[in-house]
Amino acid sequence: MFIDLKTDIRQALLNNAALFSLLGGPHIYPLVSPDASLKTYITFQEITNFDRDYGSNRALSSEIHFHFDIWTPYNTGPIAAEVNRTMEEQGFIRTSAQDGYDTTSETYRKILRYKTIKLGG
């Protein structure tokens, strides 16, 4: 069984009006931003997706982990709070949160990780 949530997660984040406003538009991208001129944006990726809970020789559920990077020259807190709210609404739990700073671009970076278990269909 393979459950792919990347499109659903991106859409849920884009549907968050407060997050959309904080980002100044639909600036949520898988892996990398296509626009190097953006100052505030989110990148995300699925970091693991594996079968769990077997029955009758097949997986009954999948455990899925996502990683988010928030990039901004400003305070990451409001954006992180909206990402967190959206991910919890999607049935995820936060497993990690870290702060960082890139001295080259003078950009703050907030790293968030989440996991969920989804039952197969």
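Where is Val 32 found? Select it and you'll land in the loop between strand E1 (28-30) and strand E2 (41-55). Strands (E, at least two residues) and helices (H or I, at least four) are DSSP runs, numbered from the N terminus.

Before you go on, note that this is a predicted model, where local features need pLDDT of at least 70 and side-chain atom pairs count only at pLDDT 80 or more, while totals for chains, interfaces and linings use all residues. Residues are numbered from 1 along each chain as its sequence is written, and side-chain values use heavy atoms, with hydrogens and water left out.

**Stop 1: still at Val 32**

Val 32 counts as exposed, at 59% relative accessibility. Here, exposed means over 50% relative accessible area, buried means under 20%, and partly exposed is in between (1.4 Å probe, protein chains only). Now select Thr 104 too: its C-alpha atom is 17 Å from that of Val 32, and the two are 72 residues apart along the chain.

**Stop 2: the sheet**

Show the strands as a cartoon. You should find an open sheet of five strands in the order E1-E2-E3-E5-E4, with mixed pairing. E1 and strand E4 (93-102) stand at the edges with a single partner strand each, so one side of each has no neighbour in the sheet. From one strand to the next, the twist averages 25 degrees.

Zoom in on E1 and E2, which pair in the parallel sense over three bridges. Two strands pair if DSSP finds at least two bridges between them. Pick Ile 28 and look across to E2: its bridge partner there is Ile 42.

Next, bring in the helices. H1 lies across E1, E2 and E3, at about 45 degrees to E3. H3 lies across E2, E3, E4 and E5, running at about 5 degrees to E5. These angles run from 0 to 180 degrees between N-to-C directions, with axes as lines fitted to C-alpha atoms (for helices, over the stretch in contact).

**Stop 3: the core**

Select Ile 9, Leu 19, Ile 28, Ile 42, Phe 66, Phe 68 and Val 83: of the 21 residues in the largest nonpolar core, these touch the most other members. A nonpolar core is a set of buried Ala, Val, Leu, Ile, Met, Phe, Trp, Tyr and Cys residues joined through side-chain atoms within 4.5 Å. Helix H1 (6-14), helix H2 (17-23), E2, E3, H3 and E5 each supply at least two residues of this core.

Keep Phe 68 selected. Phe 68 lies in strand E3 and is buried, with a relative accessible area of 0%. Beyond its neighbours within four places in sequence, its contacts (heavy atoms within 4.5 Å) include Leu 13, Phe 44, Met 87 and Tyr 114.

**Stop 4: the salt bridges**

How many salt bridges does the structure hold? There are five, each a side-chain nitrogen of Lys or Arg within 4 Å of a carboxyl oxygen of Asp or Glu.

Try Arg 109 and Asp 69, where the closest N and O atoms are 2.8 Å apart. Arg 109 lies in strand E5 (residues 107-119) and Asp 69 in strand E3 (residues 58-72), so this pair ties together parts 40 residues apart in sequence. Asp 69 is buried at 8%, while Arg 109 is partly exposed at 27%.

Finish in helix H3 (residues 77-89), where Arg 85 and Glu 89 sit four residues apart, separated by about one helical turn. Their side chains meet in a salt bridge (2.9 Å, N to O). Add Glu 82 to your selection and you have a network of salt bridges linking Glu 82, Arg 85 and Glu 89.
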